[in-house]
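Open the model in your viewer and keep the sequence panel beside it. The stops below say what to select and what is there.

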Amino acid sequence: RLGMQQFGAMTLPPDLSNASDQQLVAWSLEGHEEAKTALALRYQQPVLTAISHLVDEPETAEDLAQETFLKVFEALQTHRPDAKFAAWIFKIANNVAVNYLKRERRIKRQQLDTVPPAGSSDPSAPRKVHLRSNPLAAPSLPTPPPLDAPALAPALQAAIERLRDKERLCYKLYEIEGRSYGYIAELLDLPEGSVSWYLRRARQELRQELGPLYDALRRKPPRTPA
């Protein structure tokens, strides 16, 4: 079997679809643009899907996917031959998406801090913004009768989007897509124990926010092997 350094000296085959990630990386480092294109095509949709779980804006997700590949090819020489390329690229994609969300939240906080309180004549006077408590989470509410879960699913979706980044991503991958702990751990470059912890935290946060309606609102699609 040829080593990584030998791949670059070889003539590229006409069909790169069967080449390993390691081969494509080596050829890319040798300056073969066809190998870069093959890598991008191979991971274009998986990277976009991973980012879309964090950023619920299709156009922004596509921009962040492009940014991911720019970073990937800029840092390609730092990829270790003994490391799995898929885990490496998904980690970069996750960092790009999380950094975007952090920037957006910082901007929103700055905007909210500059909004003057009602009735204030001083436009520079900041006001505190508090989230309204969710009446559905009131402990005094009785358990409701069976509800039309699909019709109310947007309420659950909105609550999911308010979860912390990794909790939201783990919840979506496991509960909605039916992915296994092992798949999620590899995708997010996390120990399986951390995946379980984030998933448990996500459920706790959703139950705390939605109260007794959480179990009525949640959708449970048939689980499929990952």
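## Stop 1: aromatic rings

The model, which is a predicted one, holds six aromatic pairs. Select tyrosine 43 and phenylalanine 90, which make an edge-to-face pair with 6.3 Å centre to centre and 80 degrees between the planes. This pair links distant parts of the chain, since tyrosine 43 belongs to helix 3 and phenylalanine 90 to helix 5, 47 residues apart. Tyrosine 43 and phenylalanine 90 are both buried.

Now add Phe85 and Trp88 to the selection. Together with Tyr43 and Phe90 they form one aromatic cluster.

## Stop 2: the whole chain

Clear the selection and show the chain as a cartoon. How many helices and strands does the chain have? There are 10 helices and zero strands. Read from the N terminus on, the order of elements is α-α-α-α-α-α-α-α-α-α. If you colour by burial, 36% of the 226 residues of the chain count as buried.

## Stop 3: helix 2

Select residues 21-29, which are helix 2. This helix is mostly covered, with seven of its nine residues buried. Which residues of helix 2 are buried? They are Asp21, Gln23, Leu24, Val25, Ala26, Trp27 and Ser28. Move on to glycine 31, just after helix 2, where phi is positive at about 100 degrees.

## Stop 4: helix 4 and its contacts in space

Select residues 58-74 for helix 4, where phenylalanine 73 has its place. Phenylalanine 69 is in helix 4 as well.

Is phenylalanine 69 buried or exposed? Its relative accessible area is 9%, so phenylalanine 69 counts as buried, the cut-off being under 20%. Phenylalanine 73 has a relative accessible area of 23% and is therefore partly exposed.

Two distances can be drawn from here:

- From phenylalanine 69 to glutamine 44, the C-alpha atoms are 8.6 Å apart in space, with the two positions 25 residues apart in sequence numbering.
- From phenylalanine 73 to leucine 39, the C-alpha atoms are separated by 9.9 Å, and the two residues are 34 residues apart along the chain.

## Stop 5: the cavity

Turn on a cavity display. The count comes to one cavity of 30 Å³ or more, and the volume of the largest cavity is about 60 Å³. Select Ala50, Ile51, Leu54, Phe90, Ala93, Asn94, Ala97, Leu169, Leu187 and Leu188, the residues that line the largest cavity. Helix 3 (33-52), helix 5 (85-113) and helix 8 (181-188) are the elements that give two or more residues to this lining.

Which helix gives the largest share of the lining? Helix 5 does, with four residues. Coloured by residue class, the lining of the largest cavity shows nine nonpolar residues, one polar residue and no charged residue.

Phe90 appears here for a second time: this lining residue is also part of the aromatic cluster of the first stop.

## Stop 6: helix 8

Keep Leu187 and Leu188 from the lining and show the rest of helix 8 around them. The buried residues in helix 8 include Ile184, Ala185, Leu187 and Leu188. These residues lie on the same side of helix 8, because they cover an arc of only 165 degrees around the axis.

Zoom in on leucine 187, found in helix 8. With a relative accessible area of 10%, leucine 187 is buried. Draw a line from its C-alpha atom to that of asparagine 94: the separation is 9.3 Å, and the residues are 93 residues apart along the chain. Both leucine 187 and asparagine 94 are among the lining residues of the largest cavity.

Next, select arginine 179 and tyrosine 183. Arginine 179 lies over the face of tyrosine 183, at 4.4 Å from the ring centre. Then go to aspartate 189, just after helix 8, which takes a positive phi of about 55 degrees.

## Stop 7: helix 9

The last selection is residues 192-210, helix 9, where valine 195 is found. Valine 195 has a relative accessible area of 1% and is buried. Add cysteine 170, which is 25 residues apart from valine 195 in sequence and 6.5 Å apart in space, C-alpha to C-alpha.

Notes:
Residues are numbered from 1 along each chain as its sequence is written. This is a predicted model: local features need pLDDT of at least 70, side-chain atom pairs count only at pLDDT 80 or more; totals for chains, interfaces and linings use all residues. Side-chain values use heavy atoms; hydrogens and water are left out. On a 1 Å grid over the protein atoms alone, a cavity is a set of points where a 1.4 Å probe fits but cannot get out, and a pocket is an open set with protein on both sides within 12 Å along at least five of seven lines; lining residues have an atom within 4 Å of a point. Grid points are joined across faces, edges and corners, and a volume is the space filled by probe spheres set on the points. Ala, Val, Leu, Ile, Met, Phe, Trp, Tyr, Cys and Pro count as nonpolar, Asp, Glu, Lys and Arg as charged, and the others, Gly among them, as polar. Buried means under 20% relative accessible area, exposed over 50%, partly exposed in between (1.4 Å probe, protein chains only). Rings of Phe, Tyr and Trp (its six-membered ring) pair if their centres lie within 6.5 Å; planes under 30 degrees apart count as stacked, over 60 as edge-to-face and the rest as tilted. A charge sits over a ring if NZ of Lys or CZ of Arg is within 6 Å of the ring centre and within 35 degrees of the ring normal. The arc is that of the directions from the helix axis to the C-beta atoms.
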